[in-house]
Amino acid sequence: MTVEDALISTGRGSAEAERLTETAIADHFVRLEEDPRWGVARRVAASKGFAKSKYLISFILYICEKHLLGQTGEITEQLIGEHVFRRPQGYNPGEDNIVRNYARLLRQRLDEYFSSEGIDETIRIAVPRGGYVPIFIEEDKAVGERRPQPAQVGLIGVVGSDSSQQQPEETVERAVKDPVRPGRQVWGLRALCAALFIALVFVMARDIHIKSPQQNVSDRFWSVFFSSTRDTLLVPADSGLVIYQDLTNRRIPLAEYAAGEYQKHTSATSGIDSAMVNELGGRRYTSVVDLHVVSAISQLPAVVKNRFKVRYAREVTLDDLKQSNVILLGSFDSNPWVDLFQRDLNFQFEHQPKVDDVVIHNLHPLAGESEYYKTNQSDSARSTFGLIVVTPNLDGTGHVLLIEGINMAGTEAAADYLFSDASAPLLSKIFDSKGNILPFEVLLETGNIGANAPRPRIISQRILQR
């Protein structure tokens, strides 16, 4: 890295690079390399949870470097977006929330690092919610931070009754050196209470388990997708995308959708102005069916509230899907993220020559099964189809649930089936002898009368036996 590159990487322009001396530049890096907190930041950036995401690496190193060099004024959403995520200068963070999305992931990965790979680190890094300035913690104290002002010292209770005569430097030294300060006694008491509370919860949980050995099969199924140690991401369909595809007569692949590139070269085939097509396609619509499903899932007993996140499809990133449990609603024309998981399935949604003509392709039909399933427009009942799929997530440590349909009635049928008593026979067969859920695909048929789905029935299923 050149001297100028080094300065630009910290947010300074080439003009300033010309004005600074080699000595000042060297001092800039020596200050970091000699600081043990920077060593922790570099180890975090090189860890497994960060190594596969260049943005997470740049994010953690940027905020730590700025903080350690006393440049916290440059740790803002605007500047992080410009320097870490290469957004144009002066972009509007209110319309582009990439920094906030990655900040959530950053906090999660930090927690995971310091509870596993970095469990022996003596200094930990945290990024409190509501901002992006990191803090470095050692023995439950922030280390290397600016010393508090006299008024702040009085508030935290380390000054005697004659605090007006006590110098800030002296009070901080006393707080560091004196091992029996009241603050530490409080933390010790809190730790003891926490340990007793955990022990009590463990005993109560054990008793409850003894009294109720048989868990409802539906609750057992849904608990697979919720955990106190992993986020659960629920992503409803993007109906604005469906409108856009209908007006342009073009299906948008996942790569274009994820990059947000598909609206840059809009060409409408229906004579509607391209700006109007983009405006309609850019609206944040989803279906009433999906809203009902989101509401039903959010009220399940298995939901872990602080780990449950509903995210609009256009706001999802690939990193969001890697280590989370995921629930995706809608087929790949309304929720392109489904395409990530469809490629290994037996039942796959495919487009026919018309953009609105979607079929389900049965790649390996069994006896009595059809190769293709699609809505029969000539049938008075207008039979349509839905699909329920459980498959591993992208890193193989969690689970993905797909609730899809050829149309809204098909998606509704799949959801209704999962929430009905009719699903009990299926759900009782999808766990192995060790209690682990087996990947499965279930194809359902229902009527499509006025876009409302009557009671669905299973017409084919695949359960992967281990």
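Let me start with arginine 100, which at 33% relative accessibility counts as partly exposed. I should say at once that what we have here is a predicted model, and everything I describe is computed from it. Arginine 100 forms a salt bridge with glutamate 77, and the closest N and O atoms of that pair are 2.9 Å apart. The two residues link distant parts of the chain, since glutamate 77 sits in helix α7, residues 77–83, and arginine 100 sits in helix α8, 23 residues apart. Glutamate 77, at 19% relative accessibility, counts as buried, and because the cut-off for buried is under 20%, I would read that label with some care.

This pair belongs to a wider set, as the structure holds 12 salt bridges. In general terms, side chains of opposite charge can pair when their charged atoms come close.

A second pair that I would like to show you is arginine 43 with glutamate 121, where the closest N and O atoms are 2.8 Å apart. Arginine 43 lies in helix α4, residues 36–45, whereas glutamate 121 lies in the loop between α8 (98–115) and β1 (124–126), so the salt bridge ties together parts that are 78 residues apart in sequence. Arginine 43 is partly exposed, with a relative accessible area of 43%, while glutamate 121 is buried, with a relative accessible area of 18%.

A third pair is arginine 462 with glutamate 369, whose side chains meet in a salt bridge at 2.9 Å, N to O. Here arginine 462 belongs to strand β13, residues 457–463, and glutamate 369 to the loop between β8 (358–362) and β9 (372–373), which places the partners 93 residues apart. In this case both arginine 462 and glutamate 369 are buried.

Now let me return to helix α4 and ask which of its residues are buried. They are Arg37, Trp38, Val40, Ala41, Val44 and Ala45. Seen down the axis of α4, these buried residues fall within an arc of 155 degrees, so they line one face of the helix. The background here is that an α-helix has 3.6 residues a turn, so residues three or four places apart point the same way.

What does α4 pack against? The axes of α4 and helix α6, residues 54–68, come within 9 Å and cross at roughly 175 degrees, which means that α4 is roughly antiparallel to α6. From α4 the contact is made by Arg37, Trp38, Ala41, Arg42, Val44 and Ala45, and from α6 by Ile57, Ile60, Leu61, Cys64, Glu65 and Leu68. By class, the residues of the contact of α4 with α6 are nine nonpolar, no polar and three charged.

One residue in α4 deserves a closer look, namely valine 44, which is buried with a relative accessible area of 0%. Leaving aside residues up to four places away in sequence, valine 44 touches Phe50, Ile60, Leu110, Tyr113, Phe114 and Ile125. The C-alpha atoms of valine 44 and isoleucine 60 are separated by 8.1 Å, with the two residues 16 apart along the chain.

Isoleucine 60 also takes us to the last contact, in which Tyr55, Leu56, Phe59, Ile60 and Ile63 of α6 meet Val99, Tyr102, Ala103, Leu105, Leu106, Arg109 and Leu110 of α8. This contact of α6 with α8 has 11 nonpolar, no polar and one charged residues. The axes of α6 and α8 come within 10 Å and cross at roughly 85 degrees, and these helices are therefore roughly perpendicular to each other.

Methods. Residues are numbered from 1 along each chain as its sequence is written. This is a predicted model: local features need pLDDT of at least 70, side-chain atom pairs count only at pLDDT 80 or more; totals for chains, interfaces and linings use all residues. Side-chain values use heavy atoms; hydrogens and water are left out. A salt bridge is a side-chain nitrogen of Lys or Arg within 4 Å of a carboxyl oxygen of Asp or Glu. Helices (H or I, at least four residues) and strands (E, at least two) are DSSP runs, numbered from the N terminus. Buried means under 20% relative accessible area, exposed over 50%, partly exposed in between (1.4 Å probe, protein chains only). The arc is that of the directions from the helix axis to the C-beta atoms. Axes are lines fitted to C-alpha atoms, for helices over the stretch in contact, and angles run from 0 to 180 degrees between N-to-C directions. Angles under 35 degrees count as roughly parallel, over 145 as roughly antiparallel, 65 to 115 as roughly perpendicular and the rest as oblique. Contact means heavy atoms within 4.5 Å. Ala, Val, Leu, Ile, Met, Phe, Trp, Tyr, Cys and Pro count as nonpolar, Asp, Glu, Lys and Arg as charged, and the others, Gly among them, as polar.
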